[in-house]
Amino acid sequence: MLRNLLLAAALLMPAVAVSAIPDEWPPVTPEELALKQVPGFPGEHALILHREVDAGEKSSHSRHYSRLKILTEEGRKYADVEIPYWGSKVEDVRARTIRPDGSVVNFTGQIYDKTVLQAKGLRISVKSFTLPEVQPGSIIEYQYRVKQQTGTAPVWEVQDQLFTRRATYSWKPSGDRLPRWVSYPDQIHPVVEGKVFHLRLESIPPFPQEDFMPPPGMIKARIEFYYAPPAGDWFLISRFLSEAVDRFAGKAKKLEGLVGEIAPASDPPDQRLRKLYARAQQIRNVNYEPSGGETEKLKANGSAEDVLKRGYGTGYDINLLLLALVRAAGYNAHQILVTTRDRRLFNQHVLSMDQLNAWLIEARAGGKLYYLDPGTRFCPFGLVPWNQTAAGGIRVSGESGVFVETPQPVSSDAVVERSGLLELDAEGALGGNIEVAFRGQEALDRRMSARKLDEAGRRKSMEAEVKGWFLSGASVTVDRITGWEGSQEPLSVVLTVRIPDFASVPAAACCFQPPCFEAATGTCSVPAVAFIRSTSRTPIGSRIASRCGSQRATGSRMYRCRTRANLSLASTSSPFAPSRPAC
């Protein structure tokens with residue numbers, strides 16, 4: 001259905017030449033002011049009347065313009081505008097509100113700038129502001145300029161969460177290099193006039209959000225431009241990259257003495273790798289420090305020896321340090337570059353390095369293959385972040401066998417253990433202590449989410465999560481949390497719980513299962529009905545892990561958190577006590 005709607009949108013308006021976005025605002029038409037709903041999409045709260053992106057004469061500058069119509073009270077939330085950016089600058093932001101009567105209120109308020117994600121060499125920031133006097137019937141519009149590195153190829157995301165009446169794009173590449181592009185669906189493609197790429201579409205349906213769908217980056221209507229590397233194919237690219245990696249890692253003999261001290265040759269291979277991994281993860285990881293200040297003054301590392309000598313490095317540096325140490329130990333190891341599957345799937349037919357957004361170390365020791373990532377803070381040995389499991393990419397090597405896929409995730413890598421001794425008192429309230437241990441992916445996820453919080457913030461965050469496990473009205477207190485800064489040990493939580501009026505059945509009831517957890521025994525699972533959706537407008541992701549509480553689904557294969565629980569009822573004089581041990 002989605003593909004057909006987009007094809008119809010593409011056929012409605014052929015590609016034509018598009019002029020640059022003017023400095024003045026386009027006129028507002030009486031038809032736009034009178035618009036009350038989206039034809040064919042009843043119940044929409046707002047729509048995009050016009051979106052325009054124009055790269056002008058320089059690919060390092062692009063102008064962006066959006067005009068939206070607010071239809072309902074709920075649609076007023078679109079007055080809060082956020083402009084994400086990374087590797088670029090957002091400048092010259094202008095905005096205004098057109099009241100239903102056509103009068104204009106120019107935006108003169110504060111524009112805020114904040115970092116929303118900083119990890120492993122990636123920093124994503126957002127400029128945000130709120131347009132004034134927005135009400136149903138209002139039109140809001142804003143424009144801004146993006147300055148980025150010369151020669152950067154754009155991505156035209158032509159589909160939005162809102163219905164779009166009209167979208168126009170243009171781009172003039174710099175230099176003589178001719179870019180390539182890939183589009184979804186295939187029928188949407190730009191037209192080239194001279195050296196300028198153009199695209200114009202109308203009536204673009206809103207992008208549906210559904211459970212267990214693949215990453216939006218895979219199925220949203222878009223055109224991605226890219227410059228193919230001059231190397232010509234993935235094997236040559238891999239061989240070219242391996243030369244730089246080998247220079248950074250250096251000669252193995254230089255580190256053999258240090259490796260012998262850290263991980264003696266008499267140790268089993270698995271233990272040697274664990275010790276080398278732990279040494280690499282001791283390095284100060286500057287990717288997780290605030291930008292600016294002292295971090296900006298640090299010298300860039302040029303080798304694994306620099307990382308050891310200076311004691312700091314990026315996540316990329318730390319991974320390559322482990323590569324150097326493992327090679328010095330006499331094991332075969334390579335860097336691999338992968339596409340994280342929360343973003344998209346690797347496409348070996350698209351010769352673009354932009355799709356490879358994560359790096360790991362692949363090591364073979366004692367006849368076993370390991371995938372390692374010490375550059376991700378808190379990541380334990382033998383585990384990689386879940387979005388880098390079952391991920392495709394390339395092996396950085398001068399040898400054959402360039403394509404690689406990391407192993408499928410397994411439930412034993414994401415475990416939540418819960419045990420407790422609960423007592424039913426004379427008033428029918430159930431209470432006691434429960435100990436929870438998060439292991440593997442479950443611990444990594446929570447540690448990463450809470451890394452910027454102080455102790456009070458971490459406790460508050462954990463308390464909010466665990467309260468959701470219990471019946472409404474339950475009193476839950478987090479007594480102690482240990483293991484926030486670790487990687488190998490579990491993240492452990494001790495709770496005090498009291499559930500009033502828990503006993504609502506006669507004492508003769510043969511058994512009951514306290515509904516304290518999602519699943520008191522066994523493993524939690526995603527309902528099979530989730531994969532039988534007759535009304536779905538998007539495909540089910542066959543290899544895409546989607547979070548559902550503490551569960552993950554991969555379509556054809558389930559990846560779920562294994563929940564182990566051990567609940568015991570203490571002896572009690574309560575008249576509600578069961579006549580035999582609880583099931």
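This passage describes the sheets, a helix pair and the nonpolar cores of the structure above.

The model is predicted, so local features are taken at pLDDT of at least 70 and side-chain atom pairs only at pLDDT 80 or more, while totals for chains, interfaces and linings use all residues. Residues are numbered from 1 along each chain as its sequence is written, and side-chain values use heavy atoms, with hydrogens and water left out.

We can begin with the sheets. Strands of a sheet pair through backbone hydrogen bonds, in either a parallel or an antiparallel sense. Here, strands (E, at least two residues) and helices (H or I, at least four) are DSSP runs numbered from the N terminus, and two strands count as paired if DSSP finds at least two bridges between them. One open sheet has 8 strands in the order β5-β4-β8-β2-β1-β10-β13-β12, with mixed pairing. Its edges are β5 (104–106) and β12 (191–193), each of which pairs on one side only. On average, neighbouring strands in this sheet are turned by 15 degrees against each other, direction ignored. Within the sheet, β10 (residues 163–171) and β13 (residues 196–204) run antiparallel and are joined by 7 bridges; S170 has H198 in β13 as its bridge partner.

Another open sheet has 5 strands, ordered β19-β18-β17-β20-β21, and its pairing is antiparallel. The edge strands are β19 (368–372) and β21 (403–405), each pairing on one side only. The average turn between neighbouring strands of this sheet is 35 degrees, direction ignored. Strand β17 (residues 332–338) is joined to β20 (residues 392–396) by 4 bridges, with L337 partnered by I394. β17 also pairs with β18 (residues 358–365) over 7 bridges in the antiparallel sense, and there A333 has A363 as its bridge partner. Of the 7 residues of β17, 6 are buried, where buried means under 20% relative accessible area, exposed over 50% and partly exposed in between (1.4 Å probe, protein chains only). Helix α4 (residues 234–249) lies across β17, β20 and β21, at about 55 degrees to β20.

What, then, do α6 and α9 bring together? The axes of α6 (residues 269–281) and α9 (residues 315–328) come within 9 Å and cross at roughly 145 degrees; axes are lines fitted to C-alpha atoms, for helices over the stretch in contact, and angles run from 0 to 180 degrees between N-to-C directions. In α6, L273, L276, Y277 and A280 meet I318, L321, L322, L325 and V326 in α9, contact being heavy atoms within 4.5 Å. By class, this helix contact has 9 nonpolar, no polar and no charged residues.

Some of these residues reappear in the largest nonpolar core, which has 51 residues and in which W234, L276, L321, L322 and V326 have the most contacts. Such a core is a set of buried Ala, Val, Leu, Ile, Met, Phe, Trp, Tyr and Cys residues joined through side-chain atoms within 4.5 Å. Helix α9 supplies the largest share, 9 residues. Leaving aside neighbours within four places in sequence, L321 touches A280, I283, A304, V307 and L308. A second, separate core of 25 residues includes W469, I481, V493 and A503.

How values were computed: Nonpolar A, V, L, I, M, F, W, Y, C, P; charged D, E, K, R; others polar.
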